[in-house]
Amino acid sequence: MFLISEFVVLLTTNLILTKALGTSTLFIAAGSRKNLLWIAITITAFTTVGSAGAYLINGMLPENFTDLRLLLYVLIIGVLYFALLSVLYFTDGKSFGTTRKYVHVSAFNCAVMGTLFTISENADADTSLNNIVSFIIRGAEAGTGFILSAFILMAAFKILNSKEVPAAFRGFPAMLVYLGIISMAMYALV
Amino acid sequence: MTNKKRPLLEGLISGNTVLSGLMVISPVIVCGNTVMNALALMYAFSAITFITVMIGSFIPKRLPYGMKIVIYAVIASIIYIPVKAAAEEFFPDIIPRIGIYFMLVAVNSLITVQTEAKFYRMTRGKMTASLILHILGFDAVMLIIAAVRELLAYGTFCGRIVDADILISGLGAPFGGFILLGIFCGIYRGIGNAMRHDDDVSGGDGECF
């Protein structure tokens, strides 16, 4: 029962299906299993560690300077971006040329930045969520939600790109309509 | 259209940021449900993207790719501050409704991806023209989709009640945005295919004209 309720929570709070955050990245991720694996891992790393950084910044930032949040969050993601690229370079130098593209795709996009802002917004509205553990858990949840959405899209990816779909709607347009229908189902669950 | 004009007009029609590249679609799907929201987002997107890309073009080319992307994002985040301050004067009621999407336009794909992939490979004059057309392409799609959604979902236009017989309230929700944008993408491709008299265009790559 716990797993089912957690699964429902993951679906209903899913940032892609409810807020369309990271939809373009999702389309790239769902293209192949390899893409999905690497992009999902890097996005989850960015959202989880980035959320901890966002918590620290929120705590230090005076109320009158909230417009600086974007700049400071960008700097957090920038630092993580360099850290991840450095780790990949020094641990897996041979395939660095291949793996770095996933880091490029995952760093500055709506999925990651939107997660940091959404978590902070929720914490501002509900003070019980304003602690570092909650930020990290929600950051990890957002990454997991991205993986879940990518699997949902992957399940229909071949059909939506097949010749059975009219040429004009084949690919992206069909995927958007498909995501819309899934999103509508989530809307009904809430 | 001549071959010389085609690459420049690409951003407006054939390589439209939203309909062809499927970039910056989150604000269109979620906030593009009223014309006033659309105007506020168009203003933010246009101002931040144009100023950032123009300033970013002075960043030395020899810097590593990753470093340049971070610098562009930092420039956009700094530009965001005065842009938001001005937006609060022009759209005081709209900004809270748009919420995080106003900030998210500052890290849009035209800045973090297309700068290095496209704009900075052009001469400055061509880059400026292409950038303006890409921005106008986004603005046009945003405005059209928002107008259609507002009319069909709420029976209003710019907040004024119009005589609409049928209301489809779901079109105002994000799922309505997904579905309508998908339909618009399909129509856009269909028109592109018809114009080329080419029925054998392969799908999935987003390019259709």
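**Reading helix packing and the core**

Analyst: Let's start with a crossing in this predicted model: α4(A) passes α6(A) in a right-handed crossing.

User: Which residues make the contact between α4(A) and α6(A)?

Analyst: From α4(A) come A:Trp38, A:Ile39, A:Thr42, A:Ile43 and A:Phe46. Facing them from α6(A) are A:Thr99, A:Tyr102, A:Val103, A:Val105, A:Ser106 and A:Ala107. Sorted by class, this contact has eight nonpolar, three polar and no charged residues.

User: At what angle do helix α4 and helix α6 of chain A pack?

Analyst: The angle is about 50°, and the axes are 9 Å apart. In chain A, helix α4 covers residues 33–60 and helix α6 covers residues 96–107. An angle from 35 to 65 degrees falls in the oblique class, so α4(A) and α6(A) are oblique to each other.

User: Now chain B, please. How are α3(B) and α8(B) oriented to each other?

Analyst: Again, look at the angle. Helix α3 (residues 35–56) and helix α8 (residues 124–154) of chain B pack at about 170°, with axes 9 Å apart. Angles over 145 degrees count as roughly antiparallel, and therefore α3(B) and α8(B) are roughly antiparallel to each other. Among the residues in contact are B:Leu41, B:Phe45 and B:Phe50 of α3(B), along with B:Ile135, B:Phe138 and B:Met142 of α8(B). The contact divides into 14 nonpolar, three polar and two charged residues.

User: How many helices and strands does chain B have?

Analyst: Chain B has nine helices and two strands. Following the sequence, you meet them in the pattern α-α-α-α-α-α-α-α-β-β-α.

User: What share of chain B is buried?

Analyst: Of its 209 residues, 46% are buried. You can also ask how far apart in sequence the contacting residues are. Taking contacts in chain B between residues at least 6 apart in sequence, 71% join residues at least 24 apart.

User: And which residues touch the most other members of the largest nonpolar core?

Analyst: First, the general idea: in soluble globular proteins, nonpolar side chains tend to be buried together. Here, the largest nonpolar core holds 114 residues, and A:Ile77, B:Leu41 and B:Ala76 touch the most other members. Helix α4 (residues 65–90) of chain B gives this core its largest share, ten residues.

User: What does A:Ile77 touch?

Analyst: Leaving aside residues up to four places away in sequence, A:Ile77 touches A:Phe46, A:Gly50, A:Ala107, A:Phe108 and A:Val112. You have already met A:Phe46 and A:Ala107: they belong to the contact of α4(A) with α6(A).

Methods:
Residues numbered from 1 in each chain as written. Chains lettered and ligands numbered in written order. Predicted model: local features only at pLDDT ≥ 70, side-chain atom pairs only at ≥ 80, totals over all residues. Axes fitted to C-alpha atoms, helices over the stretch in contact; angles between N-to-C directions. Helix = DSSP H or I, 4+ residues; strand = E, 2+ residues; numbered from the N terminus. Parallel < 35°, antiparallel > 145°, perpendicular 65-115°, else oblique. Contact = placed C-beta atoms within 7 Å. Nonpolar A, V, L, I, M, F, W, Y, C, P; charged D, E, K, R; others polar. Left-handed = near helix turned anticlockwise from the far one by under 90°. Buried ≥ 20, exposed ≤ 12 C-beta atoms within 10 Å, placed from the backbone. Core = buried A, V, L, I, M, F, W, Y, C linked by C-beta atoms within 7 Å.
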